[in-house]
Amino acid sequence: MTDMIAEYRRGVLYLDAGDPIEAAKILETVLAEEPGNAEVRLWLARAYFASAQLNRAETQLRALVDRDPTDHYACHLLGRTLERQSRGREALPFLRLAAAMADVPDYAKAVERVAAKH
């Protein structure tokens, strides 16, 4: 368990340092050991998003939203992931949901941006 905690922290450090591909490799290993860990799954989704592995990000984010539909950040990031895949119509409900749950300026801007296109 201690090794996985150290690996998790290492993965987060790589993402924070701007190396999302290496972070994803590390976090994939941690998630394989701790498949129910939502925090690890979210960091992995962020690493995938940051490295433009959008299908993989979507898979992780859908699992998070299915598990906890009140996770506004996961909803927002799922919406952004769909938007980056030119799937604005699918993105908009998730972006709106996130904006309704949390008063975060980036959430409102994302809704406006995607709604203007669709």
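Q: What makes a pair of atoms in Glu 58 and Gln 85 a polar contact?
A: A polar contact is a pair of N or O atoms within 3.5 Å; within protein, one must be able to donate a hydrogen and the other to accept it, and residues adjacent in sequence count only if both atoms are side-chain atoms. The side chains of Glu 58 and Gln 85 are joined this way at 3.3 Å. That value is within 3.5 Å, so the pair is called a polar contact.

Q: What kind of model is this, and how are its values taken?
A: This is a predicted model: local features need pLDDT of at least 70, side-chain atom pairs count only at pLDDT 80 or more, and totals for chains, interfaces and linings use all residues. Residues are numbered from 1 along each chain as its sequence is written, and side-chain values use heavy atoms, with hydrogens and water left out.

Q: Why is Glu 58 called buried or exposed?
A: Buried means under 20% relative accessible area, exposed over 50%, and partly exposed in between (1.4 Å probe, protein chains only). Glu 58 has 10%, so it counts as buried. The residue sits in helix 4 (residues 54–67).

Q: Which residues does Glu 58 touch?
A: A contact needs heavy atoms within 4.5 Å. Leaving out residues up to four places away in sequence, Glu 58 touches Leu 78, Thr 81, Leu 82, Gln 85 and Arg 87.

Q: What makes the protein a chain of helices or of strands?
A: Helices are DSSP runs of H or I with at least four residues; strands are runs of E with at least two; both are numbered from the N terminus. The protein has seven helices and zero strands. Its pattern along the sequence is α-α-α-α-α-α-α.

Q: How do you know how compact the protein is?
A: The radius of gyration, taken over C-alpha atoms, is set against the globule rule, 2.2 Å times the number of residues to the power 0.38. The protein gives 14 Å, and the rule gives 13 Å for 118 residues. The two are close, so the protein is as compact as a globular protein of that length. Its C-alpha trace spans about 45 × 25 × 20 Å along the principal axes. Of the 118 residues, 42% count as buried.

Q: Why does Ala 24 count as buried or exposed?
A: Its relative accessible area is 2%. That is under 20%, so Ala 24 is buried. Ala 24 lies in helix 2 (residues 20–33). Its contacts, beyond four places in sequence, are Leu 44, Ala 47, Tyr 48 and Gln 53.

Q: What makes Leu 95 buried or exposed?
A: Leu 95, in helix 6, has 0% relative accessibility. That is under 20%, so Leu 95 is buried. Contacts outside four places in sequence include His 76, Ala 110 and Val 114. Its C-alpha atom is 9.8 Å from that of Ala 74, 21 residues away along the chain.

Q: Why is Ala 52 placed where it is among buried, partly exposed and exposed?
A: Its relative accessibility is 48%. That falls between 20% and 50%, so Ala 52 is partly exposed. Ala 52 is in the loop between helix 3 (38–50) and helix 4. Its phi is near 60 degrees, a positive value in a residue other than glycine.

Q: How do you know whether Ser 86 is buried or exposed?
A: Its relative accessible area is 68%. That is over 50%, so Ser 86 is exposed. Ser 86 belongs to the loop between helix 5 (72–84) and helix 6 (88–101). Its phi is near 60 degrees, again positive in a residue other than glycine.
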